[in-house]
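Biologist: I should like to learn how the features of a model are read, one at a time. Might we begin with burial and then turn to the surface, the pockets and the backbone?

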Amino acid sequence: IISADSHITEPPDTYTARIDPKFRDRAPRIVRDDNLGDIFHIEGLSQPIPMGLVAAAGKSAEELATFGVKFEDLHRGGWDPDARLADQDRDGVAGEIIYPTVGMALCNHQDLAFKRACMEAYNLWIAEYCAAHPERLFGIGQTAVRTPEEGVEDLEKIKQLGLKGVMLPGEPGLEDWDSPFYDRFYEASIALDLPLSFHILTSRSSAVKPRGPKLNGFLTIIRANQDIIGTMVLSGVFERHPGLKVVCVEADAGWLPHYMYRMDHAYKRHRHWLPAGTLSKLPSEYVRENVYVTFQDDWVAFRTAALGNVRRFMWANDFPHSDSTWPWSQEMLAEQTVTLSEAEKQLILHDNVAELYGLQ
């Protein structure tokens, strides 16, 4: 089994030791607060990043808390690649596609030069981390895409570092992702065989205050990813770049078949008075071919994968975050995959992610 979305916990020197020296005084760093515990401070963001939930895998629901945690008390596998293998073994996982944690918040930073410098530093660190066990740790790099030309340069560097894909900010700093402005960047992604990922909580619009109780906000975090898929499909990005591979990360997947149906309905019924891009196929066909989705605890996704494309659904454990299924993944999978054939389980738990990222 390969987790298609796991995370690390950036150690205190991730950025300070590797960032371009001209940004070192501003580099993200851990600050210890007597009341709040350890928090990652990022200049230019209104809120620091508390460590309480970023490595809360395995805790009971009653134990989950945002603040009051010290870095040394977090899962060691979050920054120690040797310890990580024991975490994988405990969960019955043979490998993980690994995303950042602090880097998710950095996606929302509006200083593009600073953001790029931070992401370059992170790429160096995650490459070091994964190089310790390249047969089981598969890193995803980051790029700010300050300009398409710089984005291409970043893709080439990410490829040279041995990373398997690239995570993009949900909202770029210039044109939106549907613009032909990024055509060169998309073609470079295809040529370098680096899938593009959009993770939840990496769009400024996803931080909008939810209505009602705070728990309702948890239900809204997938919305920004849905908007990205709709933007790229309906504008014709995949029409122009049929080889482009995009991954919708940690936004669940049980909703996707209905979303595909809804897009087709909108296109067939309303495209003349609500114009979209030039499409030669129904929107659902682009989703079925070009869009991959990761999910962890999503009973509905396992039941409806065949209504989307079972070859684009990829299970993940989200370790070590608070929504992780670790260390109960095997029990959960035994229950939720019971209606799938062995071939379908093999696709969702291994083959799809292995094919996407060229893993052995």
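Biologist: Is Leu-155 buried or exposed?

Modeller: The model is predicted, and its values are computed from the atoms. A residue is called buried under 20% relative accessible area and exposed over 50%. Leu-155 has a relative accessibility of 0%, and therefore counts as buried. This leucine belongs to helix 4, which spans residues 148–160.

Biologist: How far apart are Leu-155 and Ile-39 in sequence and in space?

Modeller: In sequence, 116 residues separate Leu-155 and Ile-39, and the C-alpha to C-alpha separation in space is 30 Å.

Biologist: Which residues form a nonpolar patch on the surface?

Modeller: The patch consists of Leu-215, Phe-218 and Leu-219, and together they have about 360 Å² of accessible area. Leu-215 is part of helix 6 (residues 215–220). With a relative accessibility of 64%, Leu-215 counts as exposed because the cut-off for that class is over 50%.

Biologist: How is empty space found, and how much of it lies in the second largest pocket?

Modeller: A probe the size of a water molecule, rolled over the atoms, shows where empty space is left. In this model, the second largest pocket holds about 190 Å³ of space.

Biologist: Which helix gives the most to the lining of that second largest pocket, and what classes of residue are found in the lining?

Modeller: Helix 9, residues 256–270, gives the most, with 5 residues. The lining includes Arg-262, His-265, Tyr-267 and Arg-271, as well as Leu-274 and Pro-275. By class, 6 lining residues are nonpolar, 2 are polar and 2 are charged.

Biologist: Turning to the backbone, what is the phi of Glu-250, and where does Glu-250 lie?

Modeller: One looks here at the sign of phi and at the residue type. Phi of Glu-250 is near 65°, a positive value in a residue other than glycine. Glu-250 sits in the loop between strand 9 (246–249) and helix 9. Its relative accessibility is 10%, so Glu-250 counts as buried. Asp-252 also has a positive phi near 65° and lies in the loop between strand 9 and helix 9. Asp-252 is partly exposed because its relative accessible area is 29%, between the cut-offs of 20% and 50%.

Biologist: Which residues does a cis peptide bond join, and where are the prolines placed?

Modeller: The angle to read is omega. A cis bond joins Phe-319 and Pro-320, with omega about 0°. The bond from Trp-326 to Pro-327 is cis, with omega near 0°. Pro-320 is placed in the loop between strand 11 (313–315) and helix 12 (329–336), and Pro-327 is in the loop between strand 11 and helix 12.

How values were computed: Residues are numbered from 1 along each chain as its sequence is written. This is a predicted model: local features need pLDDT of at least 70, side-chain atom pairs count only at pLDDT 80 or more; totals for chains, interfaces and linings use all residues. Side-chain values use heavy atoms; hydrogens and water are left out. On a 1 Å grid over the protein atoms alone, a cavity is a set of points where a 1.4 Å probe fits but cannot get out, and a pocket is an open set with protein on both sides within 12 Å along at least five of seven lines; lining residues have an atom within 4 Å of a point. Grid points are joined across faces, edges and corners, and a volume is the space filled by probe spheres set on the points. Helices (H or I, at least four residues) and strands (E, at least two) are DSSP runs, numbered from the N terminus. Ala, Val, Leu, Ile, Met, Phe, Trp, Tyr, Cys and Pro count as nonpolar, Asp, Glu, Lys and Arg as charged, and the others, Gly among them, as polar. Patches are made of residues with over 30% relative accessible area and no salt bridge: like charges are joined within 9 Å, nonpolar side chains (Val, Leu, Ile, Met, Phe, Trp, Tyr) within 5 Å. Accessible areas come from the Shrake-Rupley method with a 1.4 Å probe; for residues, only the protein chains shown count as cover. A salt bridge is a side-chain nitrogen of Lys or Arg within 4 Å of a carboxyl oxygen of Asp or Glu. Buried means under 20% relative accessible area, exposed over 50%, partly exposed in between (1.4 Å probe, protein chains only).
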